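The points below are offered as a colleague's note on the structure shown here. They pass from the chain as a whole to a helix pair, two enclosed or open spaces, and one loop residue.

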Amino acid sequence: MTASRTGALAPKDYKSDLHPIWCPGCGDFGVLSALYKALSMCGLDPEQTVIVSGIGCSSRLPGFVATYGFHGVHGRALPTATGVKMARPDLHVIAVGGDGDGYSIGGGHLPHCARRNPDITYLVMNNSTYGLTKGQVSPTSTLPLVSANAEIDPKRWRTTPYGMAEEPIDPIAQAIAWDVSFVARGFSYQPNQLANLIAAAIEHRGFALVDTFSPCPTFNQHQTDGFYKERTYALPDDYDPTDRARAFALACEADRFALGVIYRHDDKPSATDEQRWLREHLTGRGSLERLLARFAYDR
C-alpha cells in the first residue's frame, strides 16, 4: 500500500486482488468506487475495518475490498455486524447488501438496529429487484414495473408473470419513523456525492443508513440510470436534517427523490456508549467481573 500526500491511504489502496464480476453497467461499480474513496477520506486502517454482507449481487462487495470481510447468510448482515461491533468496539464496522436482502428477508432487523443504535454503517444498494436470482420483484419494485399496466412486459419477472399488486416500501420514510440516527440517500451515478455521504455515515456516532439507487441494467429496465437522473435532486445547503417532521415529508415525496443527508439524530446515545456506561457504573450485583468469576476454573 502507498500513502497519499495527506498521509492516508489512497482509494486504490483499498482494492483487493479480486476483480468485481458484476454485469457491465451495474450501478454497484459506482458504489464500490465511492466506498474506496470514502475509506480513504476517513483514513481507515484496513486492518481495523470489517465489512459484513448477506446474500445477493451487492453482497459480494466485501471480497473486492482489502479489509476484513464476512459474507454471511441471507438477510443477516445487520445482526452479524452488530455482534462484531459490540465484541470489538475499536473496529470500524460496515454492513452492505441489497434491497431484497436488507428490506425483505432481513427487514425485521432494521427497527431493532435503529433502537439499539450500534455504531455501524449500513450501505444498501437498492436496484428494486433480486438480481442474483435472475430478476424477481423486490420490496422496492414500483407498481408500474410489475402491475398489469407495466411499462415492460411483466413476463420478464419470472416469479410474477401476471404482475404484482403490492405497494413498494419506502426505506427512507421507514428509517426516519424508526429514528435511525443517520439517514442518507445517494445515487451510484454520482459517486463523488455518494463518497461524501458514506464518509459522513462512517464518522457518525451510531447507526447510519445510506440507501443508494444502484440500477440493475440486466433485470430492471424501468428504474435505470436515466430514470433516476430525471427524478433525483440534491438537497440545498440550508436544509436542516435534524428537523424530523420535515425529513419525513421529504421522504414521502412521490415523484422525485432527494439526495443527501435527509435525517440525523446526533444526540441519540449509541449502543457502544450505553454498554460502556453500564460496565463502568453497574459494578455491584451482576457486574461483568463477578459474572466471569463464576466461571473461573479452580485447579
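1. Among the contacts in the chain with a separation of 6 or more, 72% are accounted for by residues 24 or more positions apart. The model under review is a predicted one. Its chain comprises 11 helices and eight strands, and 50% of the 299 residues count as buried.

2. The packing of helix α2 (residues 77–87) on helix α4 (residues 109–116) deserves a separate point: their axes come within 9 Å and cross at roughly 25 degrees. Since angles under 35 degrees count as roughly parallel, α2 is therefore described as roughly parallel to α4. On the α2 side, the contact is made by Leu 78, Pro 79 and Thr 82; on the α4 side, His 109, Leu 110 and Cys 113 take part. Sorted by class, the contact of α2 with α4 has four nonpolar and two polar residues, and no charged ones.

3. Thr 82 may be examined individually. The residue is found in helix α2 and belongs to the contact with α4. Its relative accessible area is 13%, and because buried means under 20%, Thr 82 is classed as buried. When residues up to four places away in sequence are not counted, Thr 82 touches Cys 113, Pro 118 and Ile 120. Of these, Cys 113 is also listed in the contact of α2 with α4.

4. As to enclosed space, the structure holds one cavity of 30 Å³ or more. The largest cavity has a volume of about 40 Å³. Its lining consists of Gly 75, Arg 76, Ala 77, Leu 78, Asp 101, Gly 102, Gly 106 and Tyr 122. Two or more residues of this lining come from each of α2 and α3 (99–105). By class, the lining of the largest cavity has three nonpolar, three polar and two charged residues. Leu 78 appears in this lining and also in the contact of α2 with α4.

5. Which residues lie nearest the centre of the largest pocket? They are Thr 142, Pro 168, Glu 253, Ala 254 and Phe 257, from a lining of 24 residues. The volume of the largest pocket is about 520 Å³. At least two lining residues are supplied by each of α6, β6 (208–213) and α8 (225–231), with α8 giving the most, namely three residues. The lining of the largest pocket divides into 12 nonpolar, six polar and six charged residues.

6. Is Asp 170 buried, partly exposed or exposed? The residue has its place in the loop between α5 (143–146) and α6 (171–177). Partly exposed covers the range between 20% and 50%, so Asp 170, at 26% relative accessibility, counts as partly exposed. Leaving aside neighbours within four places in sequence, Asp 170 is in contact with Ala 251 and Cys 252. Asp 170 and Tyr 103 are 67 residues apart in sequence, with a C-alpha to C-alpha separation of 9.5 Å in space.

Notes. Residues are numbered from 1 along each chain as its sequence is written. This is a predicted model: local features need pLDDT of at least 70, side-chain atom pairs count only at pLDDT 80 or more; totals for chains, interfaces and linings use all residues. Side-chain values use heavy atoms; hydrogens and water are left out. Axes are lines fitted to C-alpha atoms, for helices over the stretch in contact, and angles run from 0 to 180 degrees between N-to-C directions. Helices (H or I, at least four residues) and strands (E, at least two) are DSSP runs, numbered from the N terminus. Angles under 35 degrees count as roughly parallel, over 145 as roughly antiparallel, 65 to 115 as roughly perpendicular and the rest as oblique. Contact means heavy atoms within 4.5 Å. Ala, Val, Leu, Ile, Met, Phe, Trp, Tyr, Cys and Pro count as nonpolar, Asp, Glu, Lys and Arg as charged, and the others, Gly among them, as polar. On a 1 Å grid over the protein atoms alone, a cavity is a set of points where a 1.4 Å probe fits but cannot get out, and a pocket is an open set with protein on both sides within 12 Å along at least five of seven lines; lining residues have an atom within 4 Å of a point. Grid points are joined across faces, edges and corners, and a volume is the space filled by probe spheres set on the points. Buried means under 20% relative accessible area, exposed over 50%, partly exposed in between (1.4 Å probe, protein chains only).
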